[in-house]
Amino acid sequence: MMQTLKNNAKQLAKRKRYFDKNKASYSTYGKFVDHKKMSPEQFAAFQKQLKEDNAKNRRRLLLVFSAVMLLILVVIIYFLFFYEMAPAKPIKF
């Protein structure tokens, strides 16, 4: 039993754990290198285009959301005020 415990301790000392690994040496693709550089004018144009696209998407989302909410509101108002249910029958004992 003592020998088994000693062997287990030796094997445990040799074993590499997941968190002991050096992350940089095990990277799949290596470091990110940006080969395409933008001039300041191109970057400003890119930012402007990005802002315009975001504004367009925001407007479209607002329009769709408003249309859906309006439809839901119309359905609720219809069922509250204009939909006539059958009159309740009195309970006879």
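**Exercise 1.** Determine what share of the 93 residues in the protein chain is buried in this predicted model.

*Solution.* A residue counts as buried when its relative accessible area is under 20%. Buried residues account for 1% of the 93 residues in the protein chain. The surface that the protein chain exposes comes to about 10300 Å², and carbon and sulfur atoms supply 66% of that area.

**Exercise 2.** State how many helices and strands the protein chain has, and place R60 among these elements.

*Solution.* The protein chain has two helices and zero strands. R60 lies in helix α2, which covers residues 40–82. Next, consider its exposure: the class "partly exposed" lies between 20% and 50%. Because its relative accessibility is 49%, R60 is partly exposed. Finally, R60 joins K56, R58 and R59 in forming a positive surface patch.

**Exercise 3.** Count the aromatic pairs and classify the geometry of Y78 and F79.

*Solution.* Ring centres must lie within 6.5 Å to form a pair. The count comes to one aromatic pair. The ring centres of Y78 and F79 are 5.4 Å apart. Planes over 60 degrees apart count as edge-to-face; the planes here stand at 70°, so the pair is edge-to-face. As for exposure, Y78 has a relative accessible area of 40% and is therefore partly exposed. F79, at 46% relative accessibility, is likewise partly exposed.

Notes. Residues are numbered from 1 along each chain as its sequence is written. This is a predicted model: local features need pLDDT of at least 70, side-chain atom pairs count only at pLDDT 80 or more; totals for chains, interfaces and linings use all residues. Side-chain values use heavy atoms; hydrogens and water are left out. Patches are made of residues with over 30% relative accessible area and no salt bridge: like charges are joined within 9 Å, nonpolar side chains (Val, Leu, Ile, Met, Phe, Trp, Tyr) within 5 Å. Accessible areas come from the Shrake-Rupley method with a 1.4 Å probe; for residues, only the protein chains shown count as cover. A salt bridge is a side-chain nitrogen of Lys or Arg within 4 Å of a carboxyl oxygen of Asp or Glu. Lys and Arg count as positive and Asp and Glu as negative; His and the chain ends are not counted. The place of a charge is taken as NZ of Lys, CZ of Arg, CG of Asp or CD of Glu. Helices (H or I, at least four residues) and strands (E, at least two) are DSSP runs, numbered from the N terminus. Buried means under 20% relative accessible area, exposed over 50%, partly exposed in between (1.4 Å probe, protein chains only). Rings of Phe, Tyr and Trp (its six-membered ring) pair if their centres lie within 6.5 Å; planes under 30 degrees apart count as stacked, over 60 as edge-to-face and the rest as tilted.
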